[in-house]
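Please open the structure in your viewer and keep the selection panel at hand. The tour below proceeds one selection at a time, and each stop says what can be found there.

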Amino acid sequence: MEYEIKPRNKFSLGLKELWQYRELFYTFTWRDVKIKYKQTYLGMAWALFQPIVMTILFTLSFGKIISSNTALSLPYPVFALSGFILWNIFSSGLSNAGNSMIANSNMIKKIYFPRLIIPISSILVSLIDFVISFLVFIPVLYYYGCGFHLRSLVLIPLSLLLTCFCTFGLGTFLAALNVKYRDFRYILPFFIQALLFATPVIYPVKISDNSLFGFIMQFNPMSAPIELFRNSFSNYNLNIQDIIISVVVSLFLFIGGIYYFRRTEAYFADLA
Amino acid sequence: MKPILEINNISKKFRINHELQPYLSLRDKLSHVFRKRTSIEEFWALKDVSFNVMPGDTIGIIGKNGAGKSTLLKILSRITPPTNGQIKSRGRIASLLEVGTGFHPELSGRENVFLNGSILGMKRFEIKKQFDAIVDFAGVEKFIDTPLKHYSSGMQLRLAFAVAAFLENEILIIDEVLAVGDAEFQKKCMGKMDEVSKSGRTILFVSHQLGSISVLCKTGIFLNNGIIVNHSVIQETIQQYLEYPKAGDVASEYQREISQYSNKELAIKSVVFTDNVYKPKRDFFHSEDVNVTFNFSGKNLAAYTLLVCVLNTLKTPVFSAESKITGDHLTLKINRDFLTQGAYTLRIRIHILNVKTVDYIDDDYHFNIIDTSSDFIVYNNINYFYGSVIGNYKWSE
């Protein structure tokens, strides 16, 4: 095995190297999951806490108003919970990834491995949380008289894939930015919270007549995955145009985020 | 045979930005769009460093703090890229710039071994295979499933070193990690390192402990201000390193800057070395007395004690001498036929014991003893270190 260490200039994804270090994805994800629930009594059950409590809150407060004013394809609790568990991948993935490089700066300064592993495995932790909350989602789904259809087999993986794409993209981008400009550590929680209201999590896309709001909803890359996810349990019509826009935006974020990360990662050790 | 590492003209530039905070914020960046940035200082931590490493070489890298040793290791371990130049490597590099990288206090010893091992580049099956040996080496069997936060710091270090000791990479880059644990464990570590180096692997080793470097390494590199000053057999490199400051000043008198002593209550102004007949010099034969005169500046002389410790080339204290300060100078006479050949440094303190230290000078001032005629000189030629003092003993039958 022969390789060179040179000043960095050209861009490559370094897939071959990522493959060599594949076990590290597992190790970091496993570590983060372990640490997250160490010394907690409920352990992994905490993964359920946020989506369930939020769903109950919104069902009790706005559930009636929202379902009477708009035509929902699903009972409100199912509608909200399905939105929240998918949204959680994005929100917790983004905030974990955004802080991941700083949190692991000790390692970055002392040892080499492909840096991309850090933000990506911190997002994988959110995916594991999703799997747990999805298991709880199934009984809720059946309790309210809904269920899976044949198209769920395509739509659920597709919605997850889109979610991962835009979370990976934005997550790696923010992780890299945060190393250089620590401002993002303050902006990020606020940004995520604000974005929740521009995503069809607690209300459907057509909640408002405001054209600007509709425009943001449309270009919000998380809109399509959530719509697709819900659609797999009901049978309302999908807006293909919205989905194409969302796919394009997610892909753009994915490529752009990883490109920026790869371009700047060489100097993380000097900056962190 | 091809070199396992080819290092060609490596340079590394750092930009020291005097105005900004340690890390940037957007506000700073934005405000600088309108205002020209002032003082950016460029600093070359390494300048055109080139050398080749053959498989099985053990190289010790020495130099003062800030000489560029750590930067060199960081570039070699790919943590930070060089500004210029390139390195060609023909083996897997494992870098141990710190022991226990990534150790997490909440995880158990077992989990940390797996975590640290895979961060260092070991595969899971490799760790599994070595696991018992690692735990055994660290001596923490009983606590292996206890969270690391309940370990003593010594146990943590031992576990950390143990993981590193079982790496199977062809090239090991080690920075000062040997300074861990108690004396017994250090001996164990040195033994392991020695074993590793004998197994034909390539080691690059940075340390301030000249003693362990001279034992472990065959060749040495002496870095100063980012430039290789000497690259040769380790003994020669160490010799060069110790004599290096002398190149600038051959004077027998060490005169301190006024700013170093003027604002102190009592401080050393200068230190002068002279021989039997009070002729100033820095190189003494072992059969000559060494007189060291300390000149003081300040008031309140009588309250303080002067403590001088003489250290050998391995920075091991040989002996100490103390005296009440009575006037503006004191002379310490080190008797002839006492110190053996080598370079000695002084560690000087002015203090009131257990109350305060008003001035100190560490390791800066040195003198040399040259042995041409003692009984032990034959041992010098075979590199046998026979001690720092000529013993005061008697044989009987």
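Which residue of β15(B) does B:Val308 stand opposite? Select both strands before reading on, and bear in mind that this is a predicted model. The residue opposite B:Val308 is B:Ala321, and the two strands involved, β14(B) and β15(B), pair in the antiparallel sense over seven bridges. Follow the chain through the hairpin that links them, where five residues lie between the strands and B:Lys315 takes a positive phi near 60 degrees.

Keep β14 of chain B, residues 305–311, selected and turn to its other partner. Seven bridges, again in an antiparallel arrangement, connect β14(B) to β17, residues 342–352 of chain B, and within this pair B:Cys309 stands opposite B:Arg347. Six of the seven residues of β14(B) are buried, so this strand is largely enclosed by the rest of the structure.

Now widen the selection to the whole sheet, an open one of five strands in chain B with the order β12-β18-β17-β14-β15 and mixed pairing. Its edges are formed by β12 (283–285) and β15 (317–324) of chain B, each of which pairs on one side only, and the twist from one strand to the next averages 30 degrees. At the β12(B) edge, three bridges lead to β18 (residues 356–370) of chain B, with the two strands running parallel; here B:Phe284 has B:Ile369 as its bridge partner in β18(B).

Next, select the other open sheet of chain B, which has six strands in the order β5-β6-β7-β3-β8-β9 and also has mixed pairing. The strands β5 (93–96) and β9 (227–233) of chain B stand at the edges with a single partner each, so one side of each has no neighbour in the sheet. Neighbouring strands in this sheet are turned against each other by 15 degrees on average, direction ignored. Add helix α2 (residues 69–76) of chain B, which packs on the sheet and touches β3 (58–62), β5, β6 (171–175), β7 (202–206) and β8 of chain B, its direction making about 150 degrees with that of β6(B). Then look at β8 (residues 219–224) of chain B, which is joined to β9(B) by six bridges in an antiparallel arrangement, with B:Phe222 standing opposite B:Asn230.

For the contact between chains, select helix α2 (residues 22–37) of chain A together with helix α3 (residues 109–119) of chain B, whose axes come within 10 Å and cross at roughly 145 degrees. The crossing is left-handed. On the α2(A) side the contact is made by A:Leu24, A:Thr27, A:Phe28, A:Trp30, A:Arg31 and A:Lys34, and on the α3(B) side by B:Glu111, B:Phe114, B:Leu115, B:Ser118 and B:Ile119.

The last stop is the largest nonpolar core, with 148 residues, in which those with the most contacts are A:Phe113, A:Phe137, A:Phe229, B:Leu5, B:Ile61, B:Leu76 and B:Leu204. Its largest share, 14 residues, comes from helix α5 (residues 76–103) of chain A. Centre the view on A:Phe137, which, leaving aside neighbours within four places in sequence, is in contact with A:Val78, A:Leu81, A:Ser82, A:Ile85, A:Phe229 and A:Phe233. Another core, of 29 residues, lies apart from the largest one and includes B:Phe273, B:Phe284, B:Val308 and B:Leu346, which brings the tour back to the residue named in the opening question.

Note on methods. Residues numbered from 1 in each chain as written. Chains lettered and ligands numbered in written order. Predicted model: local features only at pLDDT ≥ 70, side-chain atom pairs only at ≥ 80, totals over all residues. Heavy atoms only, no water. Pairing = 2+ DSSP bridges. Helix = DSSP H or I, 4+ residues; strand = E, 2+ residues; numbered from the N terminus. Axes fitted to C-alpha atoms, helices over the stretch in contact; angles between N-to-C directions. Contact = heavy atoms within 4.5 Å. Core = buried A, V, L, I, M, F, W, Y, C linked by side-chain atoms within 4.5 Å. Buried < 20%, exposed > 50% of the residue type's maximum accessible area, 1.4 Å probe, protein only. Left-handed = near helix turned anticlockwise from the far one by under 90°.
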